[in-house]
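Subject: Structure for you to look at

Dear colleague,

Here is the structure I said I would pass on. Please open it alongside this message; my notes follow below.

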Amino acid sequence: MAGQQFQYDDSGNTFFYFLTSFVGLIVIPATYYLWPRDQNAEQLRLKSLRRVHGRCLWYRLRLMKSQQSFVPTLKKAALLFGWAVFLLLAYKVSKLDREYQEYNPYEVLNLDPGASLSEIKKQYRVLSLKYHPDKGGNEATFMRIAKAYAALTNEQSRQNWEIYGNPDGPGATSFGIALPAWIVDQKNSMLGFSFSLSIPFLFVFASIFGDQILINTTQLFMHFMYKTPNMNMKRLAMVLTAAFEFDPRSNKDATIRPTDNIEVPQLIRELGNINVKKKEPPFCYPYSLKARVLVLAHLARMEVSEELEEDQRFVVRKSPALLQEMINVGCQLTMMANSRGGFHAPRLVTIENCMKLTQMIVQGLQESKSPLLQLPHFEEEHLRYCISKKYKVRSLQDLVSLKDSDRRSMLRFLGEEKYDEVLSVLGSFPHITMDTKLQVLDDEDSNNITAGSIVTVTVTLTRKRMAQGDSSKTKTKVWQNKSKGAKKTAKSKKKKLTKKKATPAPAKTKQANGNVAGNVPAAAAVKEDEDEVSDKGSESDEGEANKDSPSERDEDSDKQSDTEVDEIAGDDEEEWEALQQSIQRRERALLETKSKVTHPVYSLYFPEEKQEWWWLYIADRRDQTLVSMPYHVCTLKDTEEVELKFPAPSKTGNYQYSVILRSDSYLGLDQIKPLKLEVHEAKAMLDNHPQWDIPDTEEEDEEQEDSDGIEESEDDDEDND
């Protein structure tokens, strides 16, 4: 019986296949993620953003970083070396001989398959004289020739070759390991151990590559959001800065410096009441207290020392991702509360405070501050010019809607260059138009919302620059006014026509010759027209009366029913096409991978380039609950279509919801659109559908047809017999 053998690759050929795959697994993703961008292209991009984003902190840091050219050079050198090793290994693999070939004795003897016994013996004698060791030939070649001759002439060897592919019979099952024997040798044990350890380390490194959130942090957020469903902004800042990402024991990038014992208490005195005496862990831990102080100093736009500024940038840079994780945790708790019950879900105000705190951190503004402070050259003392009784400008939209002369007069504290810069920055801000469509996709009547059905709200978002958006808005208002005026004139014309028709007509008398008698010519003309109409009507009445009664009337009714059926079929086709288009859009959205690079955010104090993203969700603001989970829109460059799904209420009636769009980068640009929901009773399920009700006559006819068929088949059988 054949045994089993485990063997390493002594020649090292199969190891080259493994090593080539291993190096390619490292080099290809590393090149995609780590290859530095073209410096010229990056410089051109930064130059194009200079007019708007030149004063932003992230822009200045990126400009300083791009000047350090030795880092991209080292990256390129390391990646090119990796590619050289990969190509060398691939070339080595391509030159390896095939070791595993099917054994064919005819090929060894240089004979055609099916050669006769005499030809085999003759060829064997010729090759033996040439390769026999006694004649100075190669011993290994002669052994292969002798083995092939035995396989073709010996009956047992021939059977073994035909059955097992080997003249010697079944061999031991061999399991090869694609590692060379020297790597597991006792002398090279440390080398083999380090090599085997590098494989799982590669996958661990790939899994933590990127901006991930620690599991302990997620559990911490879940605990406090469950404990405090209604969380105000102060409490939220404390929970945020308690994340383990800021703890040096969990994250090596976080640092605790000896100078923190002096600088952090000084910042606490300047900030005022920040709940320092709270003994609840982990809020009382040094890393949490330091992170909270740095975040609050960032919101207050306070200056800190150079060492603390570096730590502050780290904390601020990490905060938006942590707040997004808090929103995800709040949504998970809400879904658990809706499905299981037994505990209170986080309130809507808690989730919205997370979104608002993200805006505040990106812009470096406190909650009570004016959104106008997001613009350059605006300070607290300048706001009194804006909120005066003459202008009443409190938001960015109010500033855009002003006339240019009034705006220039209001911002007279700015010079010409600063004023132009403010206008260019204001023009880069987004203006979003939001269109909603409410329907039930999987129902026969998509516009009829029944209790418990799955409602789909399709929201179309269109992004324009703020100046363009407001000008288009004014244009639509003018257009709407014109349409209203046109509608009013049309209504007035209709009223006049109805008044004319409603006036009682004078009595008409016909003479014997058929002429209409009258004194006033105009009235006579009107009467003649009316008589013609009445004559035509009488002729048509007579024609209808003279019709061959029921048949022609049935034809008319059939025509009417056909037109109605065509209209219904047309509506069904339109609904079907709309459904197919929505399905195709969803399939394309699943297959497409859109870039999350949308528009750079104008943020004066955020240390990293931030892309413009949004949250979209449906909420019941009266009950302070989420209706649909927030969808993070990360690909809105020009236009984006988002589908929000939620179950309709189980009780019938009218419901007032809100479709809410919130920015994760700007203050004062959020939008709320009302959504009215009218829920009807669900249709009762029919136990016996009419299409399954077969009349008794049809059943009898089918039975008779079956019996006739059987009788005919019997007669045919008899005839055949």
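His377 is buried, with a relative accessible area of 17%. The model is a predicted one, and I begin with this residue for its backbone. Although His377 is not a glycine, its phi is positive, about 70°. Most residues other than glycine have a negative phi, and most peptide bonds are trans. His377 sits in the loop between helix H16 (348-363) and helix H17 (383-386).

Gln624 is another residue with a positive phi, about 55°, without being a glycine. Its place is the loop between S6 and strand S7 (625-626). Gln624 has 21% relative accessibility and therefore counts as partly exposed, since buried means under 20%.

On the peptide bonds, Pro281 and Pro282 are joined by a cis one, with omega about 0°. Pro282 belongs to the loop between H13 and helix H14 (286-299).

Aromatic residues

How many aromatic pairs does the structure hold? There are 12. In one of them, the ring centres of Phe246 and Phe314 are 6.2 Å apart and the planes are at 85°, so this pair is edge-to-face. Phe246 comes from the loop between helix H12 (233-241) and helix H13 (260-271), whereas Phe314 comes from helix H15 (residues 306-339); the pair therefore ties together parts that are 68 residues apart in sequence. Both rings belong to buried residues: the relative accessible area is 4% for Phe246 and 17% for Phe314.

The rings of Phe429 and Tyr602 have centres 6.4 Å apart and planes at 45°, so that pair is tilted. Phe429 is in the loop between helix H20 (416-428) and strand S3 (430-439), and Tyr602 is in the loop between helix H23 (549-591) and strand S6 (614-620), so parts 173 residues apart in sequence are tied together by this pair. Phe429 and Tyr602 are both buried.

Two further items concern aromatic rings. Phe378, Tyr385 and Phe413 make up one aromatic cluster. Arg408 lies over the face of Tyr419, 4.4 Å from the ring centre.

Helices

Helix H15, which contributes Phe314 to the edge-to-face pair, has 34 residues. From its first C-alpha to its last it reaches 50 Å, close to the 50 Å expected at 1.5 Å a residue. Where does H15 bend? The bend is at Ser319 and amounts to about 35°, with a proline, Pro320, following within four residues. After H15 comes Gly341, with a positive phi near 80°.

Pro72 is in helix H5 (residues 70-94). With 15% relative accessibility, Pro72 counts as buried. Between Pro72 and Leu34 there are 9.1 Å in space, C-alpha to C-alpha, while in sequence they are 38 residues apart.

Strands

An open sheet of 3 strands is arranged in the order S3-S5-S9 with antiparallel pairing. S3 and strand S9 (639-647) are at the edges with a single partner strand each, so one side of each has no neighbour in the sheet. On average, neighbouring strands of this sheet are turned by 20° against each other, direction ignored. S3 runs antiparallel to strand S5 (residues 454-465), and 10 bridges join them. Thr436 has Val459 in S5 as its bridge partner.

Strand S6 is joined to strand S10 (residues 653-663) by 6 bridges, and these two run antiparallel. Here Tyr617 stands opposite Ile660 in S10. S10 also pairs with strand S11 (residues 671-680) in the antiparallel sense, over 9 bridges. In that pairing, Gly653 stands opposite Val679 in S11.

If you want places to start in the viewer, I suggest the cis bond between Pro281 and Pro282, the bend of H15 at Ser319 and the pair of Phe429 and Tyr602.

Regards

Note on methods. Residues numbered from 1 in each chain as written. Predicted model: local features only at pLDDT ≥ 70, side-chain atom pairs only at ≥ 80, totals over all residues. Heavy atoms only, no water. Phe/Tyr/Trp six-rings, centres within 6.5 Å; stacked < 30°, edge-to-face > 60°. Buried < 20%, exposed > 50% of the residue type's maximum accessible area, 1.4 Å probe, protein only. Lys NZ or Arg CZ within 6 Å of the ring centre and 35° of its normal. Expected span 1.5 Å × (residues − 1). Bend = angle between axes of the 7 residues up to and from the residue. Pairing = 2+ DSSP bridges. Axes fitted to C-alpha atoms, helices over the stretch in contact; angles between N-to-C directions.
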